[in-house]
Structures are given as C-alpha cells and as structure tokens.
2 protein chains.
Amino acid sequence: MSQSYILPPFHTAESFDKAIEDFRSILGAEHVEIVDSTKLDDQSYHDPPKTHDPFHIIDQDELVASIIIRPGSTEDVQEIVKAANRHRFPLWPVSIGRNFGYGGAAPRVRGSAVVDLGARMNKILELDNKQAFTLLEPGVTYKMLYEEIQRKGYNLWIDVPDLGGGSVLGNATERGVGYTPYGDHFMMHCGMEIVLPNGELIRTGMGSLPDKNQPTGSSNTWQLFPYGFGPYHDGLFTQSNYGIVTKIGMWLMPDPGGYQSYMITFSKDSDLYQAIEIIRPLRLANILQNVPSIRSATLDIAVAAPRSDFSSTGKPLTEEELDAAIKKVDTGIERWNFYGALYGPEPVRKVMWEAIKGAFGTIEGAKFYLPSDLPEKPGSVFHIRDGTLRGVPSTTELNWTNWMPNGGTLFFSPISPVTGEDAVRQYDIAKRRFTEFGFDYIGTFTVGMRELHHIIIAVYDRKNPEEKRRAFEMYKLLVQDCADAGYGEYRTHLALMDQIAGTYNWNGNSIMQLNQTIKDALDPNGIMAPGKSGVWPKQYRDLKK
Amino acid sequence: MSQSYILPPFHTAESFDKAIEDFRSILGAEHVEIVDSTKLDDQSYHDPPKTHDPFHIIDQDELVASIIIRPGSTEDVQEIVKAANRHRFPLWPVSIGRNFGYGGAAPRVRGSAVVDLGARMNKILELDNKQAFTLLEPGVTYKMLYEEIQRKGYNLWIDVPDLGGGSVLGNATERGVGYTPYGDHFMMHCGMEIVLPNGELIRTGMGSLPDKNQPTGSSNTWQLFPYGFGPYHDGLFTQSNYGIVTKIGMWLMPDPGGYQSYMITFSKDSDLYQAIEIIRPLRLANILQNVPSIRSATLDIAVAAPRSDFSSTGKPLTEEELDAAIKKVDTGIERWNFYGALYGPEPVRKVMWEAIKGAFGTIEGAKFYLPSDLPEKPGSVFHIRDGTLRGVPSTTELNWTNWMPNGGTLFFSPISPVTGEDAVRQYDIAKRRFTEFGFDYIGTFTVGMRELHHIIIAVYDRKNPEEKRRAFEMYKLLVQDCADAGYGEYRTHLALMDQIAGTYNWNGNSIMQLNQTIKDALDPNGIMAPGKSGVWPKQYRDLKK
C-alpha cells in the first residue's frame, strides 16, 4: 500500500507520527500540514508550491517535503527546532519558497519538514525613513516592502531581483543580487536574528547589545553597524545550514535625486569581448553606478514569445532563425543587450552618460536608447528593466520560462572576472554544451563590483523526462567544464549542491572540513537543512561511507 | 631567583624549554627569540615593540610575551601551530604589531608566544592595475603598498587609517577604518588564506576553487568575488581567535579622476548636534562620498603642541584655556572641525560641493576652507588630512600622544547612530567622565555609512602609576555608561576585552555561547590567541570557575 506522505530518513511511520504530534502540540494542528504527495501536480495545492520544486530537474517526487510547519513567531521557531532535535527530524526552512531556478521551496532531503517561515511571520518590524533601513521578518516580499514605502510616502528605494514576489530576507541569506547601486544584498544587510540548531536564539552585530528602551530590545545601532564586537558571524548563516534567520535588517537607498535607465545594443555575438572590456573600467570607476547586465538575445526574445513562434525544428535556433526572431519581437534588441541606469542629479548623470556613450560608441553598430525611444509593449524587456533598475518589483520577468511548453528552468551561475577573455570563454563553454545537448543558450552577464555573474539558463519541458534528463546531464558537465577553467558557481540548485561543493576542493577540500566541523558542533543531531550547500551532518556522512 | 622570561599558563620551565626546542627545530634558532622582560623599557629592543604594549594602561609587565616567533611562510605558520598544539603553548599572532591604542603587539595572556608574521612574510603577492586589487602578506604596510603603486605608476589609490606604518592585513582583520570611499576595510577585502588552530590551511571565498594555471593555485576570481559558495567564513576570522590570516586580498580604488579636500569649522561645542543632523542625509545620499570625521579641538591642538604649552594647572583645560589654545596653534581650527573630501571629475565635485556648502552654511559661524586657504605648517591637521583622505600614508598623526609627557593612550570606540541627539549624548557621557577623572576630553566622530564611530582618547603619563590607574578606572566606567545608553564598542584594548564582550549580553550572552562553541570545536587545545575579544578556550574558562 502506498502512503500519501513521505518519510524522512531514519524514520518509521511510528516515529514520524510522534514527531507530528509534538509539532502540533506546539503550534496547533492547523499549522502542521502533512503533504499529500499525490497532489504535487495540482497548481492550486500550494501557490507558490511549498512541497516540491515546481521546476523539477530530477524526478518530481525526489525533492519533496513530508510536512509543512508554519510557525507564528521566533519563539515558535525555537520550540520547533527543539522538538526536531528530540525527534531527529530534518527541517528545511524557507522564507516564501520562491527560490525559483534553485529549487523553490523543496528540501534537499526527501521527507524533510518545510518550515514555512513566511506564512505567518511577515511583518515589517521597522521602516526608518531618516536612517534609511528596515527590519523584516522572513515573509516580507519585495512587493510588500515597496508598497509600504509608497504608502508612507517615504523617499526610499528598495533593490529587487528579477522577480518581486520573493522574500527580501530569503534572497539576502542566499546572497542574491539586484540591479541598483544596492545590488549586493548581503553587503547591504545589517543585523540578523537567528535560531541556532539547538534552539538557542542569537542576534548578530550590535543586536547582541541589549537596550530596554528600544522596541527591539537591542541597541539602536543594530541596523546601522553590521559588525558588532568580536567575530562577525553573519556570513556563516548565508547559503548555510547553521541556523534559521528570523529577522534581518536591510539598508535602503535614499532616492538618488534623479534617474535615467538606458539600453545599449550590440549587433554581433563577438561584440561581447569588447563590451566587457569597456564595462570593467567604467564599473570600477563607479561610472556604471549599479549592477548592470548584458543579456543574450535569446533571453529577451523568450520574454516576448514562446520558442514555437520562431522554430519548429526541435533543434537550437540557427543563426538565421535567431536573427529572424530578433526582428520579429521588434523590441529594439540585438545579439547582446546592455541594461544600465544613471542615478543622481542631472549634472552628475550627464557626466556619466557622456563617459558611457563615449566608451561604448567605439563598438561598431552599438545603439543607445532611452525608454522613450522605443514603444512600450508586452515583451519589451527594456521597459521592464526600467522599473527593475529603480527597484520597482516586477512579476513578468519570468515569462521566458514559457519558451518551452511546461517550461522548467535551472539557473547555473559561475563567477568570472570582468574581462573580455573570460566572458568569451564562459560563453563558449556554455554555448558548446547547449548546442551539443540540443538547447538554446540563454544567458545574462550581471556585473558586480569586480566580477561577472554569468547566469546560464536552459528552459526544458519538465513533463518530458528525456529532455529533463538531458538538461541535467548537460548541467553536470558544465559544472566540471567551468571548474576545469577555474570558474565556480556562486549559488546553485539543490540537485547540483554536492557536485559544486566538491569543486571547491582546494587543499583536499579543507573548506568542507571546516564546514563539517562547525556543523557537527552546532547541530550534533543533524536536523537543520541537511545537505544544504553540500554540507551534511555526521549521521548522513556516515550513511554514505 | 628571578627569571628574565615569563612562563605562559599551564607551563613549567621544563615544558617551556621543550616547546622552545620544538619551535626552534622548525624555524631555526634565530627565528625564535626569548623575550628579556627586563628590557621592556629599552626603545631599541624592538621597534615597534613586539613584546608588550608600549601604551600600557595596566602594569607594563602584565601583557607581555614570553617568546617571539618569526615564521617565514604559510607552511612555517602551519608547523608552528601544530607544535603549539603539541605543547599547549598559547600563540598571539600579530602582523606588524602597530595596533596602537588597542594593545600594540601585546598578547592578552601573559607569556604567550607572539607570532610576528610580518617580520618575514611581507610580500605584495599580486598588484593588479586592471582589476584594481592586491593580494598581501601580513607584513605589508600601507606605506609599502603605497610606494609600490607609485613605483609602478599605477592609477590606484589605497585607503589608509590615521597612521601609515601598520599592516594592511592586520587592520582589515581588526575591522579598522580609513577615510576614502573605501574606508570600510573589511568590506573592501576580498579573500583570505587562513591557518586554522589545528594547523589546517583554508582559503575563503573563491580561493577554495583550485586553478593550476593561476600563480596562487586558486581561481582568478579569488580577489574579485568575496563570497564563494556555501557559508561565507571571512567575518569569523576578524577580531577573533579562530585562525591566523596569512594572506588577504584588498580592493583598491581607481583614481577617481579628481580630488578636493576641505575643512569646515564650527565655533561652538553645541554646534555638534546640528552638524551631525546635516551630515546624516548627505552621507546617506553619498554626497559625502568618503568616511569623513569631525574632530574635537583638543585632538587637533594636541597634534600641534603638548599640553604644557597651554596650561600648567594639571586640571582639564578650562573653556578659556581651550579657546586660547585654539588661537595659539593658529591652524584654522575651532571647537569642532570637519574634514571631508570630494572625489570625481570637476562637474561632479561641483554639484557635491554646492550641496555641502548649502547644507552646512545654515550653521551660524561655520567656515569653509580648501587647503590653499591656510598656510601649511607643522601641526596643521588639515594638511595632514588632505593626504590621508586621498590615501597617502601619514606618520605624524600620532603626535597628539605628546600631549602628556610619556604619553600613553587607549582608544575607546563606541558606535552610535548618526543623529544629533546620539552624538550629543555620547559627547556628554565622555566629557562628564573625563572631567570627573581630570583628563582632557579628546575625541573624533568618524562617519561610516549609517553610524558614527566615536573614538574617545585619554592621553596619560604612562610612567605615572596613579594617572594610569585613574585613566583605566575611567574607561571601565565609560564602558558601562555607554552600555547603559545602548552604545557598544566596535573594537577595544586588550585590557577591556572581557568587560566589553560582557556588555554584548543580549539573551543571556547567547552570542558568547556561540563563540565558545565554535572556539572549542576549532581549537580544542586552546592555543590560538586565548582571550581575544573575550573568547576564552575551555581550559581557561575552567580555570576561572
């Protein structure tokens, strides 16, 4: 007889029931839901899905939760964590569950309890106009934060990733990026509250300095100075399984006093080299003030229309088909499209813009646009980016997943220096594998302070097992291709975590030894997000021996 | 019979000798020096002193090393650490030993081995003009780095703290600050190599991705992207005793294409409130682009001349004496003096300068100066700052320690919000205690992104035991005064580490529980910098029970 729920490792139906009983006695039965694993395909079951990865790259029921737990407070989280220790029950904390492209809400270990922090813990605890910061619970989305700022009429901007429906806290703890001058979300966070794997509660930085006169009970500098005194812990709790972040401070950008987005298009694939060589010094000099991106034509085409509009061969678009598609969507795009913005008063923007035009103008055929130069229409990426680059949450950017029917996707994101040589090598590695495996290369280079995030995307039909398997095989080879060339991923999908952690193996993978030593000290029962970022508790490591 | 050297805790003369023998067999006898504790007063014995705190606030021979060890390589450091484990010998790593005001090279535990990393490990391993970064060993000073950049004719700036003789690596790992837009040294570092307390070697971030084709053996993104994959560790190795940092990457600022320093003076003590209220929005808007500082008159007077030039009463300067001293030094200063700079091409600087003048012009009696407005002469702080604010290392800034004969000093550095109310409260707390204890208040507010570092300085005669005791008593009370008001220190002198760590006691000092758990896991033998930042290994904690 098949059971409709999934057991976590080391558990029997009996021990499972006991754990559920305990969790329910803490939170009330209505906040501990057993996942019906027959309903994963039902879009209305949970939206966004809290149960599994909607963009599954391996079998849909591989990365699936057994239960969903919805704590209502930090104290609830502490009690749940303590109960998980009693029952050796693996937890998988998520803020909202919209970590799309990296696994969504799905747990690394089948049968884990997804701790759905955002379901009830979704308050904006502080929003300070004068000092330009906020203190948030896990369930606050970019959209909620943006709307609250508008409602209050504050002169503050937020920084959003491509989609506005995700958790601000979740994105920062995953070290996600956005596109304004505050694009490095980890760098722009300030102060955390964290439930450790033993249920103990800490506040980082100045948060551990008490002040009874403040609403938080911590120093009024908690969201102003990140480091505090002694070891600075915050980084340890990003992309990790060392605790559950229950509050985070984020710095907000004051309205810069002026804004102008622009698009620069390049007509040849080979322009990538020169464009990147131009970007580097401009970004270092902060003439490119934000986190600009240079996107492949395919990405922008896919936002406008499905693949079937341009080809029915089932093979990657040919050069001719690609050029025809660029023409057909007619949004101004060419082979590579650079989206940037200027921030500040008009005279400052003018200086920057002249420098930018002068520099990129040396590329033959480069075209410069302001939003008013092109008609606003569905699928016009430029007009979406115009909002994103000033921190207006978008909900339409993920439209490119419609490139294929039942489109699934997985982000593969190696880091590279900002040099033409490295960008071209990255592009060549990806393009070669995509062509070999029959996918259209879709990619974007996002420019951080001194590095490129190369986000490489395959869109596959997730109801087509062969295609899915093919995409996954390709990604596994790409991990190794990139590692061989000295490029590593900054973030990854659940299914690739072990492999990618394995590429960070300098000196006999001494960094993983350190990760495991800390893991064993903080989480001896191995209940906190086992396997996250390739870090496994002792019990699971023993299992693999 | 008195011995000329000092034994570390848990050691006999015999076990000490065995350890020395082991250290010497690893490095050669010439690189393991036994400290002659009778020579601490001899300035030529070690310059800067590696043996003790030259600005001792408690008994000079309280915080003293037993031996000095000079490793020549990372491998040497690993071997020394392993030997220290064999002999349970406490190590105290220093880069150069110029952590003046916070203890210099002195160890927290009497009789520790000072590991003088900078003595032989002092190479600039990489200096990349194109990507604006450097990779350094512990012994590289600001001055060395600055001179190498000039020698190569690179268009790069460095960011220096007040003095240029210290270690770039040491300052960043202590989370020191400088005064250009790259003033947050921890934020501007990228990648570390660390010997763990068990002798194992890690590289953080992208450093753990190997690349045989790179000179470092690590990915070419090691100094370009700080975070790597999985938990981000670097913060854990700052102000901590979890490892010895043997290499660090630092980002360098490209020449901004223009520079103009300025001074704004305020004639009344009470102008502090309004000045800080003006600074906050300007800094948030990045119109104040760097880490500016607003210094008390006493600090700038002390740079110019000793106290005896202005008063012989032995009591804190009166208001009248202070005004007379301001007149006498005649460097343009008044009660508070704000030092800032503009960076960028002329039209950009012009926009900033107009905004700054307009804002501060609302303070009655505020005066604006460019360096050319005032004669350059010894003791002119403005002309020193003109260099510091563009990253030119200075060696004269510490002249204010001559305020008293045999001047010693201790930096006390609470963090506060950037509000007039908080600044005035900070100033009042300090001024009251200084007056009560008979010292001249000397202070400076340094403006980070969203917080003030209030650096409070007492200069005392370190050969006068009564005066020293008085200063120390005052500091201990100030720690509590500030904690009561919700202010905590960002960094501190050895002698105050325990007390200050004790103020970060939110939720039963849960952060210290975490620190100790990590300490015990990484350093079970308790050999690495015991007591640093108040974190004690288990053996020492047991001793105190």
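## Terms and model

Helices, of at least four residues, and strands, of at least two, are DSSP runs numbered from the N terminus, and it is in this sense that Pro48(A) is placed in the loop between strand E1 (32–34) and strand E2 (67–69) of chain A. The structure described here is a predicted model.

## Overall build of chain A

Chain A has 14 helices and 19 strands. The radius of gyration of chain A is 23 Å, close to the 24 Å that the globule rule gives for 545 residues, so chain A is as compact as a globular protein of that length. Along the principal axes, the C-alpha atoms of chain A fill a box of roughly 70 × 60 × 50 Å.

Of the 545 residues of chain A, 68% count as buried, and the accessible surface of the chain comes to about 18100 Å², with 49% of that area belonging to carbon and sulfur atoms. Among contacts in chain A between residues at least 6 apart in sequence, 72% join residues at least 24 apart.

## Domains and annotation

The domain assignment divides chain A into domain 1 (13–119), domain 2 (124–254), domain 3 (259–492) and domain 4 (504–544). Taken over C-alpha atoms, the centres of domain 3 and domain 4 of chain A are separated by 35 Å.

An unreviewed UniProt entry carries the annotation "domain: FAD-binding PCMH-type" for residues 60–255 of chain A. In the model, this span is 16% helix and 21% strand, and its end C-alpha atoms lie 44 Å apart.

## How the two chains are related

A turn of 180° with a shift of 0.0 Å along the axis lays chain B on chain A with an RMSD of 0.0 Å, which is the relation of a two-fold axis. Of the residues of chain B, Val348(B) comes closest to the rotation axis, its C-alpha lying at 2.7 Å. Of the interface residues of chain B, 100% are also interface residues in chain A, so the copies meet through the same surface.

Ser208(A) offers a local view of contacts between the chains. This residue is found in the loop between strand E9 (201–203) and strand E10 (244–251) of chain A, and it counts as buried because its relative accessibility is 4%, where buried means under 20%. Leaving aside its neighbours within four places in sequence, Ser208(A) is in contact with Arg203(A) and also with Thr503(B), Tyr504(B), Asn505(B), Trp506(B) and Ile511(B).

## A buried strand residue

Ile194(B) has its place in strand E8 (residues 189–195) of chain B and, at 0% relative accessibility, counts as buried. Ile194(B) and Ile244(B) are 50 residues apart in sequence, yet their C-alpha atoms are 5.4 Å apart in space. When neighbours within four places in sequence are left aside, the contacts of Ile194(B) include Leu201(B), Ile202(B), Phe237(B), Ile244(B) and Val245(B).

## Backbone features to check

Most residues other than glycine have a negative phi, and most peptide bonds are trans. A cis peptide bond nevertheless joins Asp47(A) and Pro48(A), with omega about -5°, and the peptide bond from Asp47(B) to Pro48(B) is likewise cis, with omega near -5°.

Two asparagines of chain B have a positive phi, namely Asn406(B), near 50°, and Asn509(B), about 55°. Asn406(B) has its place in the loop between helix H9 (381–388) and strand E16 (407–412) of chain B and counts as partly exposed at 35% relative accessibility, whereas Asn509(B) is found in helix H13 (residues 506–522) of chain B and counts as buried at 17%.

Definitions and conventions
Residues are numbered from 1 along each chain as its sequence is written. Chains are lettered from A and ligands numbered from 1 in the order in which they are written. This is a predicted model: local features need pLDDT of at least 70, side-chain atom pairs count only at pLDDT 80 or more; totals for chains, interfaces and linings use all residues. Side-chain values use heavy atoms; hydrogens and water are left out. Domain bounds come from an automatic or database domain assignment. UniProt positions are given in the numbering used here, feature names are shortened, and annotations may be inferred rather than shown by experiment. The radius of gyration is taken over C-alpha atoms; the globule rule is 2.2 Å times the number of residues to the power 0.38. Buried means under 20% relative accessible area, exposed over 50%, partly exposed in between (1.4 Å probe, protein chains only). Contact means heavy atoms within 4.5 Å. Accessible areas come from the Shrake-Rupley method with a 1.4 Å probe; for residues, only the protein chains shown count as cover. Copies are superposed by least squares on the C-alpha atoms of residues with pLDDT of at least 70 in both.
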